[in-house]
Amino acid sequence: MSFSPDQTATLGEEVRVRGLVQGVGFRPAVWRLARDCGLSGDVCNDGKGVLIRIWGPASERDRFLIRLRDEPPPLARIDEVVRGYLCEDPPEGTFSISTSRSGEVHTGAVPDAATCPACLQEIFDPFNRRYRYPFTNCTHCGPRFSILEDIPYDRAHTSMNIFPLCKDCRAEYENPEDRRFHAQPVACHACGPKARLVRLDGHAVSADRYTQLDAVDAATNLLKRGEIVLIKGLGGFHLACDATNDHAVSALRLRKHRPHKPLALMARDLEIVRRYAHVSHAEENLLQSHQAPIVLLNRLNTDSLAFDIAPGMQRLGFMLPYTPLHHLLMRRMDRPIVLTSGNLSDAPQVVDDAAAVRALRGVTDWMLTHDRAIINRVDDSVIQMAGDDTMMLRRGRGYAPESLPLPEGFDASPDLLALGGELKNTFCLIKDGQAILSQHMGDLEQAAVWDDTVRNHALYARIFQHVPKAVVVDRHPEYLSRKWGVEISEKSDLPLISVQHHHAHIAAVMAEHRLPLDHPPIIALALDGMGLGDAGALWGCECLQVSYCEIRHLGGLRPSALPGGNLAMREPWRNALVQFADAFGWPVARQRFTNLSIMEYLGKKPVEQLLHMRDRNVCTPLCSSAGRLFDAVSAVCGLCMDRVSYEGQAAMLLEASVDLSVMGNASEPGYPFEIAESEKHFIQMDPRTLWSPLLDDLQGGIPVETIAARFHKGLAASLVQLIRRTLGATPWTTTVALSGGVFQNLTLLRATREALESLGLEVLVPHLIPANDGGLAFGQAVVAAAQIVTGQHHIAGGHEPCV
Ligand SMILES: [Zn+2]
Ligand SMILES: [Zn+2]
């Protein structure tokens with residue numbers, strides 16, 4: 001908005017606004033501001049965003065634009081404002097909202113948003129016509145993406161299409177001065193969806209047996225009585241129970257087949273959250289934002305929550321009510337409830353009543369449901385604060401499918417489709433120089449996740465009118481996402497571009513931090529479970545020189561065997577065994593550390609057979625994974641030896657047990673990794689040297705909490721050493737990017753980051769794009785776009801019209 005037109009030249013201006021400006025109440029906001037400023041003209045939506053024409057004195061036009069920037073509607077995001085002269089005369093009358101320009105189609109979709117304060121006030125006001133109405137919403141809040149079937153975004157294309165507006169709602173919908181002007185899901189008791197309580201065991205029920213109010217209040221009473229209730233929410237079903245009731249929580253875990261994974265909690269308000277967890281100012285803002293994610297908070301030493309809410313963890317995942325139904329449900333709950341995905345084990349959240357009853361009848365006898373269909377499954381988002389910055393762990397409700405602007409240089413990218421990884425799958429579209437990252441869908445090996453992913457892709461293709469010019473996949477030949485990409489590319493005759501796993505992780509961070517396309521290569525650490533690297537090697541703790549177009553492998557962890565292949569991902573003891581064998585030789589280790597409980601445990605396993613397989617290279621691929629090293633240490637410390645029941649469990653337990661006073665004590669040493677330079681200046685971190693002092697500590701009765709801290713310290717220090725050694729080869733850069741799922745470990749991240757910053761380096765860490773494989777698709781899309789724009793791929797294919 002730097003350009004201020006000459007007052008004498010003209011009284012008219014055309015203003016083009018780009019960003020998230022459609023479907024968020026932008027036009028009525030413009031209308032109100034323009035009238036306030038005494039301007040005439042009009043505003044309309046078109047294919048590029050919003051177009052405003054204003055006539056009036058220059059000072060008022062300036063004031064209008066400043067106010068538009070300062071007071072946009074709550075859900076809008078303004079990326080760009082371009083002003084230009086108009087030589088024509090103003091239209092008759094005052095400022096007006098024009099219907100959309102003919103011929104253009106609105107593309108895109110807005111994420112769902114938590115109930116706004118104005119709607120909240122209405123549902124608790126006995127004199128308001130929406131008193132206790134669980135589906136109250138307005139232009140500034142409510143369901144969007146989860147009810148969207150097609151474009152353009154209007155009521156006919158949502159699951160609200162079966163609810164004709166009553167007279168009162170229609171009047172609000174049509175009045176530009178009303179908060180509900182063009183709010184597509186607007187509804188009330190008279191015309192909208194209704195909640196009802198259902199018994200799943202076949203017995204008849206009427207809610208008034210349990211309350212004098214309504215079905216939602218009856219559900220509150222059931223929760224208070226210790227029952228498990230299945231609740232149909234915004235983007236899926238949840239299972240809920242009283243989080244302070246041991247019996248209810250353990251029954252929920254048992255019936256859901258979810259033995260250990262932490263359960264998410266919902267509390268009525270911040271005051272209740274504060275009884276159980278420490279909430280910083282930033283965390284408070286996140287909890288209360290219109291995205292309303294689950295926020296991981298440091299637990300307080302209160303023992304009033306049920307014993308196994310989050311076994312072994314120092315943190316709790318809390319969210320606040322984000323729909324009127326949740327607000328009404330929680331109103332009389334003066335303690336938190338568990339609110340966990342309505343599914344069995346790792347299956348996706350169910351979204352329709354019939355499937356919910358089929359899948360979960362054995363888990364609960366009660367269902368609080370309603371007659372507004374969930375069209376798109378959107379799981380709750382999960383976020384933590386990493387220092388002063390947010391760090392997204394799962395990107396879903398409230399965030400997806402908001403588009404992300406790409407850095408300078410990417411405008412010329414053709415439209416692309418990137419299909420992500422195998423676990424925590426997401427896909428990403430590049431469209432008109434923006435990236436659209438799908439919501440988290442889950443692990444593709446699950447048939448139901450797979451179906452959901454294919455369906456979501458069809459939806460995204462439709463609502464974003466997306467026709468890709470190339471398909472982008474991970475290099476790993478066994479990833480289902482890759483196989484799907486190959487299929488799409490063959491069927492549609494599109495070029496297929498493969499991107500290395502850790503390159504995608506780092507490129508995602510670079511793009512999120514808006515490094516321009518032609519930025520010189522930076523140094524990066526990519527730490528995760530595993531991904532396919534160069535020459536068929538399995539990587540997972542690598543130091544890389546990275547530009548958008550290519551990577552150079554400068555160093556990494558010395559590879560160890562994965563005995564039993566994929567089984568080593570699930571059974572931590574296998575990694576402990578290999579570390580012993582590598583560090584000492586198995587016979588020596590067995591003799592020297594015979595009294596450790598891990599040795600006793602290994603004594604019952606087919607150890608000789610596994611080592612024999614390793615020596616003969618049978619089903620024991622080498623892998624330089626940081627995740628597996630964490631597993632080994634966690635097993636040796638007795639935290640998780642046998643089998644993980646969810647991804648990352650062993651490593652998370654190890655982090656949770658760290659003694660922070662040891663961590664913060666500069667004179668406490670970490671366990672050493674030897675850093676060696678091999679042929680071609682490749683720098684290797686060798687973990688064999690850490691085991692002797694670690695196991696001596698364990699034998700000497702040093703607490704596991706101290707050992708966990710010394711391991712984290714040693715790892716961070718050696719990663720920093722690795723960076724220092726490689727900086728010699730890249731003297732032009734002072735920027736280091738950190739990514740990969742292992743950096744979700746805040747203890748490791750903080751130690752590494754602080755040491756790097758004290759060397760004067762700038763450290764880039766993911767904020768809005770998950771560091772785990774949920775961010776891969778975005779990184780893949782960015783790498784492929786860079787390679788195409790710089791001419792490394794020619795993708796004209798058979799799709800350009802013949803000239
Ligand atoms: Zn509202
Ligand atoms: Zn109505």
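The exercises below, each with a worked solution, concern a predicted model.

Local features need pLDDT of at least 70 and side-chain atom pairs count only at pLDDT 80 or more, while totals for chains, interfaces and linings use all residues. Residues are numbered from 1 along each chain as its sequence is written, chains are lettered from A and ligands numbered from 1 in the order in which they are written, and side-chain values use heavy atoms, with hydrogens and water left out.

**Exercise 1. Find which residues the UniProt annotation "active site" covers, and place them in the structure.**

Step 1. The annotation, from an unreviewed UniProt entry, covers Arg27 and Asn45. UniProt positions are given in the numbering used here, feature names are shortened, and annotations may be inferred rather than shown by experiment.

Step 2. The two residues span 19 residues in sequence, yet their C-alpha atoms are no more than 7.9 Å apart, so they gather at one spot.

Step 3. Arg27 belongs to helix α1 (residues 26–36), whereas Asn45 belongs to strand β2 (residues 40–46). Helices (H or I, at least four residues) and strands (E, at least two) are DSSP runs, numbered from the N terminus.

Step 4. Arg27 has a relative accessible area of 13% and is buried; Asn45, with 6%, is buried. Buried means under 20% relative accessible area, exposed over 50%, and partly exposed in between (1.4 Å probe, protein chains only).

**Exercise 2. Describe the surroundings of Val198.**

Step 1. Val198 sits in strand β6 (residues 195–199).

Step 2. Its relative accessible area is 19%, so Val198 is buried.

Step 3. Leaving aside neighbours within four places in sequence, Val198 is in contact (heavy atoms within 4.5 Å) with Val205, Asp365, Trp366, Met367 and Thr369.

Step 4. His370 is 172 residues from Val198 along the chain, and their C-alpha atoms are separated by 9.9 Å.

**Exercise 3. Do the same for Gln184.**

Step 1. Gln184 is in the loop between α4 (167–174) and β6.

Step 2. With 7% relative accessibility, Gln184 counts as buried.

Step 3. Not counting residues up to four places away in sequence, Gln184 touches Tyr153, Asp154, Arg155 and Tyr173.

**Exercise 4. Count the cavities of 30 Å³ or more, and describe the largest and the second largest.**

Step 1. On a 1 Å grid over the protein atoms alone, a cavity is a set of points where a 1.4 Å probe fits but cannot get out; lining residues have an atom within 4 Å of a point. Grid points are joined across faces, edges and corners, and a volume is the space filled by probe spheres set on the points.

Step 2. The structure holds 3 such cavities of 30 Å³ or more.

Step 3. The largest cavity has a volume of about 120 Å³. Of its 17 lining residues, Pro134, Leu234, Thr323, Pro324 and Arg372 are the closest to its centre.

Step 4. That lining divides into 8 nonpolar, 7 polar and 2 charged residues. Here Ala, Val, Leu, Ile, Met, Phe, Trp, Tyr, Cys and Pro count as nonpolar, Asp, Glu, Lys and Arg as charged, and the others, Gly among them, as polar.

Step 5. The second largest cavity holds about 80 Å³ of space. Its lining includes Leu557, Arg558, Asn575, Cys623 and Pro687. The elements giving two or more residues to this lining are β25 (560–561), α15 (572–584), β26 (622–625) and α19 (626–636).

Step 6. By class, the lining of the second largest cavity has 6 nonpolar, 4 polar and 2 charged residues.

**Exercise 5. Count the disulfides, and check Cys541.**

Step 1. With a disulfide taken as a pair of cysteine sulfur atoms within 2.5 Å, the count is 0.

Step 2. Cys541 is in no disulfide; its nearest cysteine sulfur, that of Cys543, is 9.2 Å away.

Step 3. Cys541 is buried, with a relative accessible area of 1%.

Notes: On a 1 Å grid over the protein atoms alone, a cavity is a set of points where a 1.4 Å probe fits but cannot get out, and a pocket is an open set with protein on both sides within 12 Å along at least five of seven lines; lining residues have an atom within 4 Å of a point.
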